[in-house]
Amino acid sequence: MVRQTARRGKRNRFSTKAEVLAGGDAVAALTYERASQDAKGQGKSVGDQRKLNLAEVARYGWRAAGSYKDNDRSASRHAHKEREEFPLLMDVIRAGKGDVLVLWEISRGQRDLAVYVQIRDLCVQVGMYFWMVGGVLYDLRDKNDRMMLGFQAVQAEWMADSIRDNTLRGIEGAAEAGRPHGKITYGYRRIYHPRTRAFERQEPDTEVRKATAEDGTVTEYTRVKVVREIFDKVSGGTPLIVIERQLNDRGIPSPRGSVWRRASSARWQ
């Protein structure tokens with residue numbers, strides 16, 4: 001029979017890994033999934049992580065007590081966007097509603113050593129001693145388990161810093177060589193050498209394209225003229241949503257991202 005230890009009146013606690021593994025649905029499992037990038041907005045990586053995490057929960061017959069995810073969010077110390085559900089996970093842990101935290105790998109929870117220490121110490125404080133990471137169960141009270149998790153946390157932070165350093169090095173190298181960095185802005189095109197494919201220049205996109213409206217009307221346009229049209233109409237007080245609808249009515253795919261941001265900014269200057 002599994003021995004459970006009540007503590008602080010919040011929930012049942014499990015004293016050993018064996019008790020957790022044999023605890024069945026008396027064990028409340030919390031899962032967390034995160035991905036740094038999701039350019040297509042499909043959440044595939046966090047979706048795959050959740051399937052793997054819940055498979056571990058089901059494998060031992062644990063009770064899924066809550067799943068939290070942050071898609072397209074960095075967890076490094078250089079992150080610019082706040083994670084939305086990670087604080088919710090911390091609140092649930094703080095409230096004593098979990099027995100084991102399930103992660104696909106330690107870097108999904110964080111790539112910042114300070115954050116790792118924060119969540120580790122919180123778990124110890126409330127008595128949530130067990131983490132399942134990549135299919136391996138760890139006990140935060142065991143010095144060897146703490147060392148192994150610590151190694152993984154250090155490695156996760158080192159990897160995040162290495163990726164950032166390599167990216168910055170690439171940006172600086174491209175700038176010194178006169179090469180652009182990142183995606184091309186709508187309204188421009190890049191010219192490459194026909195044989196070597198080396199970048200030569202960036203210029204306004206004057207390529208004539210055709211757009212067909214729903215009524216069959218065909219319109220010829222260039223992307224650079226679309227950008228100028230947007231800025232002219234914004235300067236005249238036309239709302240962006242109206243401009244977008246007018247373009248779509250003519251069958252012209254409206255630009256996204258930076259063009260709208262710059263146009264919106266110009267409106268208030």
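Which residue in β11 is the bridge partner of Ala211? We will come back to that after a walk through the sheet and its helices. This is a predicted model, in which local features need pLDDT of at least 70, side-chain atom pairs count only at pLDDT 80 or more, and totals for chains, interfaces and linings use all residues. Residues are numbered from 1 along each chain as its sequence is written, and side-chain values use heavy atoms, with hydrogens and water left out.

Let's start with the open sheet, where five strands follow the order β4-β3-β5-β6-β7 with mixed pairing. Helices (H or I, at least four residues) and strands (E, at least two) are DSSP runs numbered from the N terminus, and two strands pair if DSSP finds at least two bridges between them. β4 (63–70) and β7 (136–139) are the edge strands; each has a single partner strand, so one side of each lacks a neighbour in the sheet. From one strand to the next, the twist averages 20°. Further in, β3 (residues 28–34) pairs with β5 (residues 100–103) in the parallel sense over three bridges; Ala29 has Val100 of β5 as its bridge partner.

Now look at helix α3 (residues 86–94), which lies across β3, β4 and β5 and runs at about 165° to β3. Axes here are lines fitted to C-alpha atoms, for helices over the stretch in contact, and angles run from 0 to 180 degrees between N-to-C directions. α3 also packs with helix α5 (residues 113–126) at an angle of about 25°, their axes 9 Å apart. The two helices, α3 and α5, are therefore roughly parallel to each other (angles under 35 degrees count as roughly parallel, over 145 as roughly antiparallel, 65 to 115 as roughly perpendicular and the rest as oblique). Their contact (heavy atoms within 4.5 Å) involves Phe86, Met90, Ile93 and Arg94 of α3, together with Val115, Gln118, Ile119, Leu122, Cys123 and Val126 of α5.

Finally, the hairpin. β10 (residues 209–212) and β11 (residues 218–221) pair in the antiparallel sense over four bridges, and here is the partner we were after: Ala211 is bridged to Thr219 in β11. Five residues lie between the two strands of this hairpin, where Gly216 takes a positive phi near 95°. In a regular strand the side chains alternate between the two faces of the sheet. In β10, Arg209 and Ala211 make up the covered face, while Lys210 and Thr212 make up the uncovered one.

Note on methods: Buried < 20%, exposed > 50% of the residue type's maximum accessible area, 1.4 Å probe, protein only.
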